[in-house]
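Please work through the exercises below with the sequence and the structure at hand. Each task is followed by a solution in steps.

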Amino acid sequence: MKRVLLLLFAAITLSLQAQELSLVPLPQKVTTYEGCMQLDNKSIVVCYPQTDDNSYTKVIDSFVDEMKVITGVKIKKSYPKKANIAGVSVIKYTKKGDVHMTLHIDPMMCDEEYNLCIKENKIDIATATPAALFYAFQTLKQLLPRNVAAGVADKSIKEWRLPFVDIHDKPRFSWRGFMLDEGRHFYGKEAVKKVLDIMAHYKMNRFHWHLTEDQGWRIEIKKYPELTNTGAWRDSKVLGWGDVKPDGIRYGGYYTQEDIREIVEYAKEHFIEIIPEIDIPGHSQAAVASYPEILACDPKEKHNVWLWQGVSADVINVSNPDAVQFAKDIIDELTELFPYRYIHLGGDECPTHKWERNSECAALLKEIGTQNYRDLQLNFYRQIKDHIAQKPSEKQRELIFWNEILHGNTALLGNDITIMAWIGADAAAQKAVSLGMKTILTPQIPYYINRKQSDRPDEPHSQGYGTETVEAVYNYVPMKNTPEELKSKYLGVQANFWSEWVVTADHLQYLLLPRLAAVAEAAWTQQDRRDYKEFEKRIQCEQLFYNLINVNYGKHIFE
């Protein structure tokens, strides 16, 4: 009994020590030891093997350059004289008194797994990929004062210390995502890069970029210039809803293809993949207003970029071959701009009223042998999917949809698609995976983090009732009650941000933080390691981080 109590006490002590390290997201396993490594008046020798593609070197160079500027610690690089047959580096230490940071490339580890061990004068890191090394460095930065993670020098800090610690870590989910809606409000390159910085800090790796809406088209498409000449602009900055009326202010903006390439490259440096979303055939009034002659169900009527919130009935005429070609042409340009596996085509909240009153749509419905007008949407997607399948393998993309497409005949699309489950998320996800599809959990409640953070009277205006607190977001349990045999089809989790009420980047940041950290921990940390009260203590260091990187944030959890 005495031995059991001692072991229990040791386990509790280690848990408390790990908590006091303030690591977010919490690693899989953390063991702390007495003592720390003093970095002052020493050089750090970074020893690592060179690779053919130079990919590790880029990550190390970025880390070294940043650390030199922020801490003033001397850092130099060295290459191992040998590497064993598995590619794991063997280092011969160079100088007594130096701190040796050694990278071991271990192909037996998982893609995003890393080990970080800090003892005496050694920092040993083992990974199988550059991405995992990047995550190891994010953890290492959090072991130092928060100004290091923020990338801000602080001359008042005279001593730099690292705790003796052994961390074994890998993510729970491969998809750790955040979606930003810029169709309704446009924030610009610097605001997006700030979001990517925060995502990288929390080891998130998928940026879902919602670029089109009824209220605005935000990406340059060379073949269809009116999408940005017309579709990127509207006659109101605010969006009408209830007592709030359109204000008549000319408003808009879009990303040129050069802008897109710049942001894609920036995200790549942070090991974040960008998933573009072109929401068609619903949520497409801005596109219809740009090319009514080919996209509108009623081309003789007047079509404008929408000034209101909610769901517009002005959808694309999916029976028009020119509209189908329009979609294919856009896919072609997206493929060149976004060199990643996925493209999102929306699929949510697509009214069928105009199709039901259109004779060409009625004829197409009869031709495909169904009475469900929702199947016109799936038939439209099938044609796009067939077009993608004809491309060379390196140009092929997998399609993602919101879960409303499960309301139609999904046999038209097959099961090699991914469903983002948002409405009735848990049930929708289980339905998708039971059909053989992959799924991503994006539950409207509580992962729509554009909703109010609290019910306090001083809370900035947005959607919701203030029930999506940090605690509520944190306590959502992904894959709860999911049968074991279905879990392999769950790619991960994602927070979504819809911008109906959010006009400025400052307001975006306020609603984003610190709730994004709560989602990041659900995505990275094993469920049995998660505890809100411990998270609440660990997150306190993030207030300084947010202040240093000059972003707005919700203060409730820090008061």
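The exercises proceed from model confidence to overall form, then to one supersecondary unit and one residue.

This is a predicted model, in which local features need pLDDT of at least 70 and side-chain atom pairs count only at pLDDT 80 or more, while totals for chains, interfaces and linings use all residues. Residues are numbered from 1 along each chain as its sequence is written, and side-chain values use heavy atoms, with hydrogens and water left out.

**Exercise 1. State the average pLDDT of the protein and examine the stretches where the pLDDT is below 50.**

Step 1. The pLDDT is the predictor's confidence in each residue, from 0 to 100. Its average over the protein is 93, and 93% of the residues score at least 70.

Step 2. Residues 1-19 have a pLDDT below 50; beyond near neighbours in sequence, this stretch makes nine contacts in the model (contact: heavy atoms within 4.5 Å). Residues 83-94 also fall below 50, and that stretch has 26 such contacts.

Step 3. Where pLDDT is low, the predicted coordinates should not be read in detail.

**Exercise 2. Determine how the radius of gyration of the protein relates to the globule rule.**

Step 1. The protein has 20 helices and 21 strands (DSSP runs numbered from the N terminus: helices H or I, at least four residues; strands E, at least two).

Step 2. The radius of gyration, taken over C-alpha atoms, is compared with 2.2 Å times the number of residues to the power 0.38. The value is 25 Å, close to the 24 Å that the rule gives for 559 residues, so the protein is as compact as a globular protein of that length.

Step 3. Buried residues, those under 20% relative accessible area (1.4 Å probe, protein chains only), make up 58% of the 559 residues.

**Exercise 3. Describe the unit formed by β2, helix α2 and β3.**

Step 1. Strands β2 (residues 43-47) and β3 (residues 74-78) run parallel and are joined by five bridges; pairing requires at least two bridges found by DSSP. Within β3, K77 is the bridge partner of V46.

Step 2. With helix α2 (residues 55-71), the two strands make a right-handed β-α-β unit: with the strands pointing away from the viewer, the path from the first strand over the helix to the second runs clockwise.

**Exercise 4. Is A432 buried or exposed, and which residues does it contact?**

Step 1. A432 lies in helix α14 (residues 425-434).

Step 2. Its relative accessibility is 0%, so A432 counts as buried.

Step 3. Leaving aside neighbours within four places in sequence, A432 contacts L406, I419, M437 and T439.

Terms used:
Buried < 20%, exposed > 50% of the residue type's maximum accessible area, 1.4 Å probe, protein only.
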